[in-house]
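Student: I am new to this structure and would like to learn how to read it. Could you take me through it one feature at a time?

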Amino acid sequence: MKTCKDISGLLSESMDRPLKWREHWAVRLHLLMCRHCSRFQQQVHFLRKAAKHYYPNENDKNLPS
Amino acid sequence: MDKNQLNDHRTVLLRYALLQLHDEAVAEDAVQETLLAALQAGDSFRSESAVRTWLIGILKHKIADHYRAAERHYSLGEPASENKDDPNTALEQLIFDGKGHWIGAPSAWNNPDHALEQGEFWGIFEWCQKNLSEQHARAFMLREMVGLETEEICQDMNVSHSACRVYLHRARLGLRECLEQRWFNTKRKS
């Protein structure tokens, strides 16, 4: 049985490579039961989205002083 | 390679340059020189990812030239992280218990897309990136901002494949944790 620690690692890796069949199903099964890891999954996707929007220096102009 | 393609790569190159040079004008120059060099070199590349890797290779030389010319030493990335000495286990011990369960389980983020439109959020985002260890921040930046594949990141950082996988994961864990504490748990809208 994989732990949340393991699953979070696989969720992160799934952003960088296709998971193997076994990994994929281990993750899906775990996510059915674990809302914490489900949130983690959504949030790493958000990190990617945020990173794409992030533009250093230009954002500095928007910062409150 | 035509000019349109070069333009597409320009954005990515500029991100890369800005994060290393910390100066918009200098970064613009470095990218400009890189693209000029690429145009002169002609069109021997077919796949987009090969072009990108090649362009970043040129850009790295331009950035190195800049450092040499300036005779200054910036530290690349320069995170203010206290756990720099031991980035390997410290983070995960804070996040997971001995049995691999979340200690501070991820909470629900209220309307995260809304954060992207707020200037203040980007200040926090930047702060959180700087608080990652240098290698974690660099791996994350190369992956998510520059858009390199994991293989290319390993080469760029000169580390093993398993190491850069770990860097990426820890960067995400750290960044997620930081954004949750500094933004989503404090700015929650009703």
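Student: Let's start with Glu92(B): is Glu92(B) buried or exposed?

Tutor: Keep in mind that this is a predicted model. To judge burial, we compare the relative accessible area with a cut-off: under 20% counts as buried. Glu92(B) has a relative accessible area of 13%, so Glu92(B) is buried.

Student: Where does Glu92(B) sit, and which residues does Glu92(B) touch?

Tutor: Look in helix H4 of chain B for Glu92(B). Setting aside residues up to four places away in sequence, Glu92(B) touches Lys5(A), His169(B), Arg170(B) and Leu173(B).

Student: What about Met15(A): where is Met15(A) found?

Tutor: Met15(A) belongs to the loop between H1 and helix H2 (21-33) of chain A. Its relative accessible area is 6%, so Met15(A) counts as buried.

Student: Which residues are in contact with Met15(A)?

Tutor: Leaving out neighbours within four places in sequence, Met15(A) is in contact with Val44(A), His45(A) and Arg48(A), and also with Arg143(B) and Arg172(B). Take Val44(A) as an example of how sequence and space can be read side by side: Met15(A) and Val44(A) are 29 residues apart in sequence, and their C-alpha atoms are 8.3 Å apart in space.

Student: How many residues of chain A and of chain B take part in the contact between them?

Tutor: Chain A gives 33 residues and chain B gives 45 residues. The area buried between chain A and chain B is about 3,500 Å², and carbon and sulfur atoms give 63% of that area.

Student: How many salt bridges does the rule find across the interface of chain A and chain B?

Tutor: The rule finds five salt bridges there. One of them joins the side chains of Arg165(B) and Glu13(A), at 3.5 Å from N to O. Across the interface of chain A and chain B, 15 residue pairs are also found in polar contact, both residues being at pLDDT 80 or more.

Student: Which helices of chain A supply at least two residues of the side that touches chain B?

Tutor: Helix H1 (4-13) and helix H3 (35-53) of chain A each do so. H3(A) provides the largest share of that side, with 14 residues. By type, the residues on the side of chain A that touches chain B divide into 14 nonpolar, ten polar and nine charged.

Student: Next, disulfides. What is a disulfide?

Tutor: A disulfide is a covalent bond between the sulfur atoms of two cysteines. A search of the whole structure finds two disulfides over all chains.

Student: Which parts of chain B does the pair Cys128(B) and Cys178(B) link?

Tutor: Cys128(B) is in helix H6 (residues 119-130) of chain B and Cys178(B) is in helix H9 of chain B, so the pair links distant parts of the chain, 50 residues apart. The sulfur atoms of Cys128(B) and Cys178(B) are 2.0 Å apart. The angle about the S-S bond is -75°, a left-handed link. Both cysteines, Cys128(B) and Cys178(B), are buried.

Student: How far apart are the sulfur atoms of Cys154(B) and Cys164(B)?

Tutor: They are 2.3 Å apart, and Cys154(B) and Cys164(B) form a disulfide. This pair also connects distant parts of the chain, with Cys154(B) in helix H8 of chain B and Cys164(B) in helix H9 of chain B, ten residues apart. Cys154(B) is buried at 6% relative accessibility, and Cys164(B) is buried at 0%. With the bonded cysteines of chain B numbered in sequence order, the pairing reads 1-4, 2-3.

Student: Which cysteine sulfur is nearest to that of Cys4(A)?

Tutor: The nearest is that of Cys37(A), 3.8 Å away, and Cys4(A) is in no disulfide. Cys4(A) is buried, with a relative accessible area of 9%.

Student: Last topic: backbone angles. What is phi for Asn111(B)?

Tutor: Asn111(B) has a positive phi of about 45°, although Asn111(B) is not a glycine. Asn111(B) lies in the loop between helix H4 (90-95) and helix H5 (112-115) of chain B, and is partly exposed at 47% relative accessible area. Asn158(B) also has a positive phi, near 60°. Asn158(B) is in the loop between helix H8 (150-157) and helix H9 (161-184) of chain B, and counts as exposed at 71% relative accessibility.

Notes:
Residues are numbered from 1 along each chain as its sequence is written. Chains are lettered from A and ligands numbered from 1 in the order in which they are written. This is a predicted model: local features need pLDDT of at least 70, side-chain atom pairs count only at pLDDT 80 or more; totals for chains, interfaces and linings use all residues. Side-chain values use heavy atoms; hydrogens and water are left out. Contact means heavy atoms within 4.5 Å. Buried area is the accessible area (1.4 Å probe) that two parts lose on being put together, summed over both. A salt bridge is a side-chain nitrogen of Lys or Arg within 4 Å of a carboxyl oxygen of Asp or Glu. A polar contact is a pair of N or O atoms within 3.5 Å; within protein, one must be able to donate a hydrogen and the other to accept it, and residues adjacent in sequence count only if both atoms are side-chain atoms. Helices (H or I, at least four residues) and strands (E, at least two) are DSSP runs, numbered from the N terminus. Ala, Val, Leu, Ile, Met, Phe, Trp, Tyr, Cys and Pro count as nonpolar, Asp, Glu, Lys and Arg as charged, and the others, Gly among them, as polar. Buried means under 20% relative accessible area, exposed over 50%, partly exposed in between (1.4 Å probe, protein chains only). A disulfide is a pair of cysteine sulfur atoms within 2.5 Å.
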